[in-house]
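Student: Please take me closely through one part of this structure, the open sheet and what lies around its far edge. I am new to it, so a connected account would help me most.

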Amino acid sequence: MTEPRGPVDSSRVPRFAGPATFARLPRLDEVSGADVAVVGVPFDGGVSYRPGARFGPAAVREASRLLRPYHPGLDVSPFATQQVADAGDIAVNPFDIGEAIETIQDAANGLQADGTRLVTIGGDHTIALPLLRAAAQRHGPVAVLHFDAHLDTWDTYFGAEHTHGTPFRRAVEEGVVDTSALSHVGTRGPLYGKQDLTEDEKLGFGIVTSADVYRRGADEVADQLRQRIGDRPLYISIDIDCLDPAHAPGTGTPEAGGLTSRELLEILRGLVGCRLVGADVVEVAPAYDHAEITSVAASHVAYDLISLLALQGKREETDE
């Protein structure tokens, strides 16, 4: 096995110099292949309030310059045990949501064709649907762990079926998710009515609110989620607005009373052992950010997802 090519050495090249690939990793075209590809989708044509998430991938990459190669919380060097590369951005039509969805799905299928797993940076939450389609095409219907302030299982907005508030309803309707293992985490705030919750339950989702996390703690919540997921292939979709606006002001639809960045990271770290097949981090809108708070949080979330994939790869090698 070829030794993975890791980030640029910060003792030789200052972190603020050079191209802003994710964590200063090599580009996908600079390596022979990748176990994990970080790919951006600069699309926000499905937003219902503040625009600007199209600039999220660039902002998260810039904030990731300070990431380091060893993760002490998980005791893993995620860039040394697997080849991680930056696959650049999927260029999509900003004026046609339907065409954008098809482009994202085709690109994701192409990137995953050789077994590469994707960690995608959005963009708005509309992009989750084509990414779930691509994951299901390779792994069958996937369990979904959805971190968000909102349910994102509404039917339509202004008659439109594809928006950032509808991807998980469409995913259930299309049969690309395993309805026995669907969970929202971090939901809170006002709804249109109680029927939002009853319809969401009919789709198969369980809910862990931000208040539940506060009262029960990250370890207990992670344990509950692991039990629900079991050994199913798992896709994790993280809307950065699951975090409280104090921890993620730069997002399109902020809601008070959210998770702390520490709680989110600790829940993710509690998912060691789950069969993660792909993930996304979406809804970073840097125009509303302050001192890169949101972008820094998102970069660390992506780093933890990559670290989970590294640990999973080590377990698979041991099993063989």
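Tutor: What follows begins with the sheet as a whole and then moves to one of its edges and a loop beside it.

This is a predicted model, in which local features need pLDDT of at least 70 and side-chain atom pairs count only at pLDDT 80 or more, while totals for chains, interfaces and linings use all residues. Residues are numbered from 1 along each chain as its sequence is written, and side-chain values use heavy atoms, with hydrogens and water left out.

The sheet is open and has eight strands, which follow one another in the order β2-β1-β3-β8-β7-β4-β5-β6 and pair in the parallel sense; strands here are DSSP runs of E with at least two residues, and helices are runs of H or I with at least four, numbered from the N terminus. Two strands count as paired if DSSP finds at least two bridges between them. At the edges stand β2, residues 84-89, and β6, residues 205-209, each of which pairs on one side only. Direction ignored, neighbouring strands of this sheet are turned by 15° against each other on average, where axes are lines fitted to C-alpha atoms, for helices over the stretch in contact, and angles between N-to-C directions run from 0 to 180 degrees.

At the β6 edge, the pairing with β5, which spans residues 177-187, is parallel and runs over five bridges. In one of these places L182 has F205 of β6 as its bridge partner.

Two helices lie across this part of the sheet, contact meaning heavy atoms within 4.5 Å. Helix α4, residues 167-174, lies across β4 (142-147), β5, β6 and β7 (233-239), and its direction makes an angle of about 170° with β5. Helix α7, residues 218-229, also lies across β4, β5, β6 and β7, running at about 165° to β5.

The loop between α5 (195-203) and β6 holds G204. This glycine counts as buried because its relative accessible area is 16%, the class being set at under 20%, with exposed over 50% and partly exposed in between, for a 1.4 Å probe and protein chains only. Leaving aside residues up to four places away in sequence, G204 touches T179, L182 and R228. L182 therefore appears twice in this account, as a residue touched by G204 and as the bridge partner of F205. Although G204 and D178 stand 26 residues apart in sequence, their C-alpha atoms are 8.7 Å apart in space.
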